[in-house]
Amino acid sequence: MEATKTAVIGGSGLYNMAAISNVETVEVDTPFGEPSGTIRIGSLSGKRVAFLPRHGEGHVLSPSTLPYRANIYALKALGVRFIIAVNAVGSLREDYAPGHIITPDQIVDYTIHTRARSFFEDGVVAHVSVADPMSDYLRNLIADAVEAVGGTVHRQGNFLIEDGPRFATRAESHLFRAWNCDLIGMTAAPEAFLAREAEIAYASLAHVTDYDSWHSEEEAVTSDMVIRTLAKNIETVQKALVVAIAQLDEEKETPAHTALDTALATSRDAMDPQVIEKLRPILARVLGLDTD
C-alpha cells in the first residue's frame with residue numbers, strides 16, 4: 001500500500017466530509033491492541049489522508065480508556081508523518097469564546113497516570129523531549145487555514161488535559177485558570193506525547209464549545225451543550241482542513257521527525273530484540289531497520 005503521510009484524528013463529521021473521495025478502509029494490527037475504530041483513507045486536497053475516529057464509531061469509547069498507543073502505532077505503520085488532531089475544548093478565558101479555534105502550543109497533563117503513556121518500557125528505554133509538544137509548522141498551517149476560511153483563530157494556548165469523563169468542578173476550573181491554562185480537554189495527552197515518540201509531527205485544531213464551569217454568567221458545561229456547539233463548529237473545521245491539507249508539505253522535516261536521535265537511553269547491544277521487533281515501525285529510522 002502507498003504510504004499515507006497525513007492523518008486526522010477526530011469524529012465522524014470529519015471522515016464523512018463531502019470533499020473526501022476514493023475512500024477505502026484499512027485494518028491495522030498493532031501490538032497494543034486494536035485502534036479506536038476503522039481507519040478510512042481518502043483523497044482530500046490532492047493527498048491521501050487517513051481519518052481515525054478517536055472515540056470509535058458512534059462515540060463509544062471514553063477519554064480515559066482510549067487505545068492511544070494502538071491509534072498512534074497504527075498511523076505510524078501506515079507511514080503517517082503529520083497528525084492534525086481535532087479537539088472539542090472548553091475555554092478558560094473570556095476572549096477564547098465558543099466557536100473560536102485555537103492552535104495550542106503547550107500542554108499541561110493533569111491526568112492521573114492511569115493511561116498507557118509511552119511506547120518505551122522495559123527492554124528499550126527512551127526519554128523523549130516534549131518541551132514543545134506541538135509542531136510549530138503544523139500549528140501555523142492550521143491557523144492560516146482557519147483565517148483563510150473566515151474563522152476566528154488564536155495562535156497559542158496552554159492546553160490542560162484532565163482525565164474525564166466527568167467535567168471539572170468550579171473549584172478545579174478556577175484552579176486551572178490560576179495556573180494560566182487557556183483551554184481544557186480530555187484527549188491530547190498522552191496522544192501528543194506518543195506522536196512525538198513515534199516521530200510524527202502533531203498539532204491540535206482545538207475548537208471551543210463552552211466556558212467549562214468557571215464562567216458565572218454562563219451555564220456550566222454539559223454534554224448536551226458540547227454536542228450542540230460542536231455541530232456549529234464543524235463546518236469551519238471542515239473548511240479549514242481542506243485548506244490546511246492542500247498547503248501541507250508532506251516531505252517537510254520538522255524537529256519531531258528526528259525526536260529519537262537524542263532520546264534512546266538503552267545502548268544498542270543491550271536492547272531487547274523482541275522489543276525492537278515490537279516497535280519496528282517506530283524504531284526503524286533511528287536504528288536503520290528494514291520496514292518491509
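Here are four exercises on the model above, each with a worked solution.

This is a predicted model, in which local features need pLDDT of at least 70, side-chain atom pairs count only at pLDDT 80 or more, and totals for chains, interfaces and linings use all residues. Residues are numbered from 1 along each chain as its sequence is written, and side-chain values use heavy atoms, with hydrogens and water left out.

**Exercise 1. Work out which residues have the most contacts inside the largest nonpolar core.**

Step 1. Get the term straight: a nonpolar core is a set of buried Ala, Val, Leu, Ile, Met, Phe, Trp, Tyr and Cys residues joined through side-chain atoms within 4.5 Å. Buried means under 20% relative accessible area, exposed over 50%, and partly exposed in between (1.4 Å probe, protein chains only).

Step 2. The largest such core holds 56 residues, and I39, I72, L75, I83, F119 and F120 have the most contacts inside it. There's also a second, separate core of 29 residues, with Y15, L44, V86 and V146 among them.

Step 3. Now zoom in on I83, taking contact as heavy atoms within 4.5 Å. Leaving out residues up to four places away in sequence, I83 touches A7, I9, I72, L75, L138, A195, I200, A201, Y202 and A203.

**Exercise 2. Find the strands that pair with β4, and the sense of each pairing.**

Step 1. Strands here are DSSP runs (E, at least two residues) and helices are too (H or I, at least four), numbered from the N terminus. Two strands pair if DSSP finds at least two bridges between them.

Step 2. Strand β1 (residues 6-10) pairs with β4 in the parallel sense, over 5 bridges. One place to look is A7, whose bridge partner in β4 is A50.

Step 3. Strand β3 (residues 39-44) runs antiparallel to β4, also joined to it by 5 bridges. Here S43 has R48 as its bridge partner. The β3 and β4 hairpin has 2 residues between the strands, and S45 takes a positive phi near 55°.

Step 4. Check the burial: β4 spans residues 47-53, and 6 of its 7 residues are buried.

**Exercise 3. Classify the ring pairs that Y110 makes with F176 and W179.**

Step 1. Rings of Phe, Tyr and Trp (its six-membered ring) pair if their centres lie within 6.5 Å; planes under 30 degrees apart count as stacked, over 60 as edge-to-face and the rest as tilted. The whole structure has 8 aromatic pairs.

Step 2. For Y110 and F176, the centres are 5.0 Å apart and the planes sit at 75°, so call it edge-to-face. Y110 is in the loop between β7 (106-109) and α3 (136-148), while F176 is in helix α4 (residues 170-178), 66 residues apart. F176 is buried at 0% relative accessible area, whereas Y110 is partly exposed at 33%.

Step 3. For Y110 and W179, you get 5.7 Å between centres and planes at 70°, so this pair is edge-to-face as well. W179 lies in the loop between α4 and β10 (183-185), so the pair ties together parts 69 residues apart in sequence. At 40% relative accessibility, W179 is partly exposed.

**Exercise 4. Decide whether I282 is buried or exposed, and list its contacts.**

Step 1. Locate I282: helix α8 (residues 280-287).

Step 2. Its relative accessible area is 1%, so I282 is buried.

Step 3. Skipping residues up to four places away in sequence, I282 touches Y73, K76, F119, F120, E197, A198 and L260. Of these, Y73 and F119 form one aromatic cluster with F32.
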